[in-house]
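Colleague: I'm new to this one and would like a close look at a single part, the empty space closed off inside it. Could you walk me through that, and then through what surrounds it?

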Amino acid sequence: MTLVHNLINDPGTESLIRKYLNAGVMVKGEYEETTKGTPQGGNLSPLLSNIILNELDKELEARGLNFVRYADDCIIVVGSSAAANRVMASVTKWIEKKLGLKVNATKSKVTKPTKLKYLGYGFWKAKGEWKARPHQDSVKRFQRKLKQLTKRSWSVSMTYRINRLNQVIRGWINYFRLGNMKTVLRKIDERLRTRMRIVIWKQWKTSEKRLWGLRKLGAPMWMAKQSIGFGDHYQAVAKTTGLHHISKEILARRGLLSCLDYYLN
């Protein structure tokens, strides 16, 4: 707390920070005291990082380096691997000597932008210009979440399911809206609509209800009977032309957001 006290010099703010640091944490439902550091994921952690590492920002600016920092996660951009190694060594030494902090050697590295993951983003170069897009790990997590919310075994109302899906879609796309992701969202949309068709197919349950549903959506009798013939073989029936009458427009009318449309709009 000594360094924080010297930087803040505000008794009221310091008192609040002390209370937060001594509040303890819940681990597997059990209370544990905290004697040092801030709880992982706590909202005070980035605040304290910004207070302390503001000095690092000033140092990097004085050196004329290009950098970006969010809390304790910092990227410094230089022109060559040799320069990167020199900067890594000198900045690490400065942080540990001037700020009294320990740099995490396992998480600190010299790498190319194409191999970098920063705040969930990946980077690539097109026509001489660097661009950002959601990192493939971020995309996979998004897909896993959508898959979880479209499990046909999840017994919830369609309204609740769509509301939860829309919350996740809005949140993820709003966060990554600066990135280029039209192609990946188009593929995600296709998979999402396929899974939603399977959910609806299961909810219809009986052959009679399925025939009624497809006919109401405009499928001819032969096409509806073709889909019904696959019964509960969900992956097979999802590929039939009849089931595609549960179209993007029908799902949108029910309230489901299109990932691509939301991103473009």
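**The space inside**

Modeller: The largest cavity holds about 50 Å³ of space. Keep in mind as you look that this is a predicted model. With a floor of 30 Å³, the structure has one cavity to show.

So who is around that space? The lining is made up of Asp189, Arg193, Lys248, Leu251, Ala252, Leu256, Leu257 and Ser258. Sorted by character, that gives four nonpolar residues, one polar and three charged. Two helices, α7 and α11 (248-254), each put at least two residues into the lining. The largest share belongs to α11, with three residues.

Now look at Asn166, which sits in helix α6. Setting aside neighbours within four places in sequence, Asn166 is in contact with Gly255, Leu256 and Leu257. Leu256 and Leu257 are among the residues that line the cavity. Is Asn166 buried or exposed? Its relative accessibility is 5%, so Asn166 counts as buried, the cut-off being under 20%.

From here, step out to the largest nonpolar core, which has 37 residues. Inside this core, the residues with the most contacts are Phe142, Trp172, Leu185, Met196, Trp201 and Cys259. Two or more residues each come from α5 (136-149), α6 (158-175), α7 (182-204), α9 (221-228), α10 (234-237) and α12 (259-264). Helix α7 gives the most, with nine residues. So you meet α7 both here in the core and in the cavity lining.

Trp172 is a good residue to zoom in on. Not counting residues up to four places away in sequence, Trp172 touches Pro134, Ser138, Val139, Phe142, Met181 and Leu185. Of those partners, Phe142 and Leu185 are on the list of core residues with the most contacts. Cys259 is on that list too, and its relative accessible area is 0%, so Cys259 is buried. Cys74, by contrast, counts as partly exposed because its relative accessibility is 29%. As for disulfides, a search of the whole structure finds zero.

Pro134, one of the residues Trp172 touches, also takes you to an open space. The second largest pocket holds about 380 Å³. Its lining has 15 residues, and the closest to the centre are Trp124, Arg133, Pro134, Gln136 and Asn180. The strands β5 (121-126) and β6 (129-134) each give two or more residues to that lining, and so do the helices α5 and α7. By character, the pocket lining divides into seven nonpolar, six polar and two charged residues. That brings α7 into view once more, this time at the pocket.

One last stop is a second, separate core of eleven residues, which includes Ile52, Val91, Ile95 and Val103. Leu56 makes a handy way in: leaving out neighbours within four places in sequence, it is in contact with Val91, Trp94 and Ile95. Val91 and Ile95 are both members of that second core. Leu56 lies in helix α3 (residues 44-62), and with a relative accessible area of 5%, Leu56 is buried. For a sense of how the chain comes back on itself here, take Leu56 and Lys98: they are 42 residues apart along the chain, and their C-alpha atoms are separated by 9.3 Å.

Technical notes. Residues are numbered from 1 along each chain as its sequence is written. This is a predicted model: local features need pLDDT of at least 70, side-chain atom pairs count only at pLDDT 80 or more; totals for chains, interfaces and linings use all residues. Side-chain values use heavy atoms; hydrogens and water are left out. A nonpolar core is a set of buried Ala, Val, Leu, Ile, Met, Phe, Trp, Tyr and Cys residues joined through side-chain atoms within 4.5 Å. Buried means under 20% relative accessible area, exposed over 50%, partly exposed in between (1.4 Å probe, protein chains only). Helices (H or I, at least four residues) and strands (E, at least two) are DSSP runs, numbered from the N terminus. Contact means heavy atoms within 4.5 Å. On a 1 Å grid over the protein atoms alone, a cavity is a set of points where a 1.4 Å probe fits but cannot get out, and a pocket is an open set with protein on both sides within 12 Å along at least five of seven lines; lining residues have an atom within 4 Å of a point. Grid points are joined across faces, edges and corners, and a volume is the space filled by probe spheres set on the points. Ala, Val, Leu, Ile, Met, Phe, Trp, Tyr, Cys and Pro count as nonpolar, Asp, Glu, Lys and Arg as charged, and the others, Gly among them, as polar. A disulfide is a pair of cysteine sulfur atoms within 2.5 Å.
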